[in-house]
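Let's walk through this structure together, one neighbourhood at a time. Have the coordinates open and follow along as we go.

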Amino acid sequence: MTNEIKKNGKIIDELVTYFLKKGHHQLRMDVNYSDAQTIITIWLDHVAAEELALIRECLTQGRDFAMEEYGWELMGESEVSAELNLVGMCIDEVEIDHVDENIIAIKLIRQHI
C-alpha cells in the first residue's frame, strides 16, 4: 500500500509539472484514493488540438507492469513528454472529455493490484 501512495504521488507530480511547463498555469485536480483504485481528475483550460492529441497518445498506451515495477522511481528524471509516457504506463484507463468548449477533463484510473 505504501508504494501505491508513493506511485500516486509521483504520477500527480508528473502531471502537474507537465501541465505547468506547457503553460497551463491554472488547473484543478481531484484525487479519489481507495483500497481498490485511485482516480485522478484534472481540468484544464484552452488545450490546443495538437497538444490534446499528444496527451491522449501518451496516456492511452496501456499499463506496463514491468516498467512500473522498476521505472516508477525514475519519474521526474527525464524530458517532459517522456514523463507523460511513464504516467501512461502506470495507469489502467484514461477518459478525456470536453466539459465545454474551453475546458477539458482528464480522468486517470489506476487499479491497485
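Leu44 is a good place to start: Leu44 is buried, with a relative accessible area of 0%. Here buried means under 20% relative accessible area, exposed means over 50%, and partly exposed is what falls in between, with a 1.4 Å probe and protein chains only. A word on provenance: this is a predicted model, in which local features need pLDDT of at least 70, side-chain atom pairs count only at pLDDT 80 or more, and totals for chains, interfaces and linings use all residues. Residues are numbered from 1 along each chain as its sequence is written, and side-chain values use heavy atoms, with hydrogens and water left out.

Leu44 belongs to strand E2. Strands (E, at least two residues) and helices (H or I, at least four) are DSSP runs, numbered from the N terminus. Leaving aside residues up to four places away in sequence, Leu44 touches Phe19, His24, Leu27, Asn102, Ile103, Ile104 and Ile106, where a contact means heavy atoms within 4.5 Å. One of these partners, Asn102, is 58 residues from Leu44 in sequence, while the two C-alpha atoms are 8.2 Å apart in space.

Let's step along the chain to the loop between E2 and H2, where His46 sits. Most residues other than glycine have a negative phi. His46 has a phi near 50°, a positive value in a residue other than glycine. At 56% relative accessibility, His46 counts as exposed.

Val47 is found in that loop too, between strand E2 (37–45) and helix H2 (49–59). Is Val47 buried or exposed? Val47 is buried, with a relative accessible area of 18%. Not counting residues up to four places away in sequence, Val47 touches His24, Leu52, Ile55 and Ile104. Asn102 appears again here: Val47 and Asn102 lie 55 residues apart in sequence and 7.6 Å apart in space, C-alpha to C-alpha.

Next comes helix H2. Its residues Glu51, Leu52, Ile55, Cys58 and Leu59 are buried. Looking down the axis of H2, the buried residues fall within an arc of 130°, so they line one face of the helix; the arc is that of the directions from the helix axis to the C-beta atoms. An α-helix has 3.6 residues a turn, so residues three or four places apart point the same way. On the face of H2 turned away from the buried side are the exposed residues Ala49, Glu50 and Glu57.

Cys58 deserves a second look, as it counts as buried at 3% relative accessibility. How many disulfides does the structure hold? The structure holds zero disulfides, a disulfide being a pair of cysteine sulfur atoms within 2.5 Å. For Cys58, the nearest cysteine sulfur is that of Cys90, 13 Å away, which is too far for a bond. Cys90 is buried as well, with a relative accessible area of 2%.

Now for the charged side chains. Side chains of opposite charge can pair when their charged atoms come close. A search of the whole structure finds five salt bridges, each a side-chain nitrogen of Lys or Arg within 4 Å of a carboxyl oxygen of Asp or Glu. In one of them, the side chains of Lys7 and Glu68 meet at 3.4 Å, N to O. Lys7 lies in helix H1 (residues 2–21) and Glu68 in helix H3 (residues 65–71), so the pair ties together parts that are 61 residues apart in sequence. Lys7 counts as buried at 9% relative accessibility, and Glu68 is buried with a relative accessible area of 4%.

Glu68 also forms a salt bridge with Arg63, the closest N and O atoms being 2.7 Å apart. Arg63 in turn meets Asp92 in a salt bridge at 2.6 Å, N to O. This pair links distant parts of the chain, with Arg63 in the loop between H2 and H3 and Asp92 in the loop between helix H4 (80–88) and strand E3 (93–98), 29 residues apart. Arg63 is buried, at a relative accessible area of 15%, whereas Asp92 counts as partly exposed at 35%. Through shared partners, salt bridges join Glu4, Lys7, Arg63, Glu68, Asp92 and Arg110 into one network.
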